[in-house]
Amino acid sequence: MTDLVLDAPAQSAPPEADDGVWLECIACGEQFAPFDAVRYTCDDCDGLLEARYADHPTFDDFSGEGVWRYAAALPFAEDEIGADADGGAESGGAWYSLPEGHTPLHEVPRLREEVGVNRLRVKHEGMNPTGSFKDRGMTVGVRVARELGVGRLACASTGNTSAALAAYGARAGMETLVLLPAGKVAAGKVAQASLHGARILEVDGNFDDCLDIVQELATDGEAYLLNSLNPFRLEGQKTIGFEILERFHADYGTYPDRVVLPVGNAGNTAALFKAFRELVAAGELTPDQVPALTGVQAEGAAPMVEAIEDGADEVRRWLDVETRATAIRIGNPVNAPKALPGIRETGGTAVAVSDDEITDAQRALAGEGVGVEPASAASVAGLRKLRDAGEIAADEDVVCLTTGHLLKDPDAAFAAGDDPEPVANSTEAVLDLLE
């Protein structure tokens, strides 16, 4: 991975940059102050924006637990973290935190032996407060929304984003609007958004249609968009990468060779790539130590895989997408311009897996006591497929990212599991059945 492009600071920050933080367009390089106006893309060319920093902290600069352990790598001055609407402060971002992060890195010995790699760990993001990785981005994104003084928060969602936004919006006392594709979101996720008080609109279309509408609302100033098009969302999600590297190194004295992760809107792929680049720029990692980012999509929704296989610089929007892995049922991943270089420049790849392969992987994880929703299991299904094809070597150390909890989609879990067995109301009947 000697050609890795570092996320080194620009030659100089713009004069109006706040505390050494600014936004920079990944397409044309234009720079903007982070909080002087609401913006999601570049004013000049409409390219995607990234948060940039004059300084890159090392692992020694991190303290505490969870997402706010990495406050030195987030876009706020230390005395602003957790500041509430009245200007007060609560240590560690508590006003906007539930808390989130510090998720387990499970050992799965039987699965490791079956797949045939040197080491295999599973980073279970389903153990966040609302049951998915989205909480990491929301604790930062809602903090930024308060900084900008916006009123209404909004997102399009396949389910997990809506649950997280509703919870964190409620935490901050802010109005929340979510747009969902009608009939396409697991009931557990809709229930979360509903109970946390979000206004839920079911759109007669798919996720990408919902995102189109929310982007128009945001452009018109009707809401503050907190999908992963928002660059601050990814700042929270990059802490997944920090945690993986810290924990893996603490356990083994080395870093994983590869991180395999599900891909929907490609936000996590982009975020982990950014985390790794920042650590290289800080001198914590060499380019050769950066894990290969390996994306996995469902066969019925695989535009990123298509682009990787075709060597394309852009992703073709899939108009019709379908998979039982509802969380990655996305045909137009908005973070593709950030994620495609992340896969290629780290020496990774991308693969599509069938719904049956996803369900088999979900069962295998459950057999290790790790309960995940279908989209999460795509990472293990992809690892299996690439290992069988010889594209992942037996001597590799691998981390699979699982993004959502089993109970996010109880119907899918029930369908993948064993059926209950009826039995008469007596001990004898139970013993007869067991025999």
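Which residues form one aromatic cluster with F35? They are W68, F76 and F232. Keep in mind that this is a predicted model.

Let's start with the whole chain. The protein chain has 14 helices and 13 strands. With its 435 residues, a compact globule would have a radius of gyration near 22 Å, and the 21 Å found for the protein chain agrees with that. Its C-alpha atoms fill a box of roughly 80 × 50 × 45 Å along the principal axes. As for cover, 57% of the 435 residues count as buried. The chain exposes about 17200 Å², and carbon and sulfur atoms supply 45% of that area. Look at contacts between residues at least 6 apart in sequence, and 71% of them join residues at least 24 apart. On charge, there are 34 positive and 74 negative ones, with mean positions 2 Å apart.

Now back to the rings. The count comes to 9 aromatic pairs. Here are two of them:

| Pair | Centre to centre | Angle between planes | Type |
|---|---|---|---|
| F35 and F76 | 6.0 Å | 5° | stacked |
| W68 and F76 | 6.1 Å | 35° | tilted |

Where do the partners of the stacked pair sit? F35 lies in the loop between strand 2 (31-32) and strand 3 (49-53), while F76 lies in the loop between strand 3 and strand 4 (105-107), so the pair ties together parts that are 41 residues apart in sequence. F35 is buried, with a relative accessible area of 13%, and F76 is buried too, at 7%. W68 is also buried.

Key:
Residues numbered from 1 in each chain as written. Predicted model: local features only at pLDDT ≥ 70, side-chain atom pairs only at ≥ 80, totals over all residues. Heavy atoms only, no water. Helix = DSSP H or I, 4+ residues; strand = E, 2+ residues; numbered from the N terminus. Rg over C-alpha atoms; globule rule 2.2 N^0.38 Å. Buried < 20%, exposed > 50% of the residue type's maximum accessible area, 1.4 Å probe, protein only. Contact = heavy atoms within 4.5 Å. Areas by Shrake-Rupley, 256 points an atom, 1.4 Å probe, with all protein chains shown as cover. Lys, Arg positive; Asp, Glu negative; His and termini not counted. Charge placed at Lys NZ, Arg CZ, Asp CG, Glu CD. Phe/Tyr/Trp six-rings, centres within 6.5 Å; stacked < 30°, edge-to-face > 60°.
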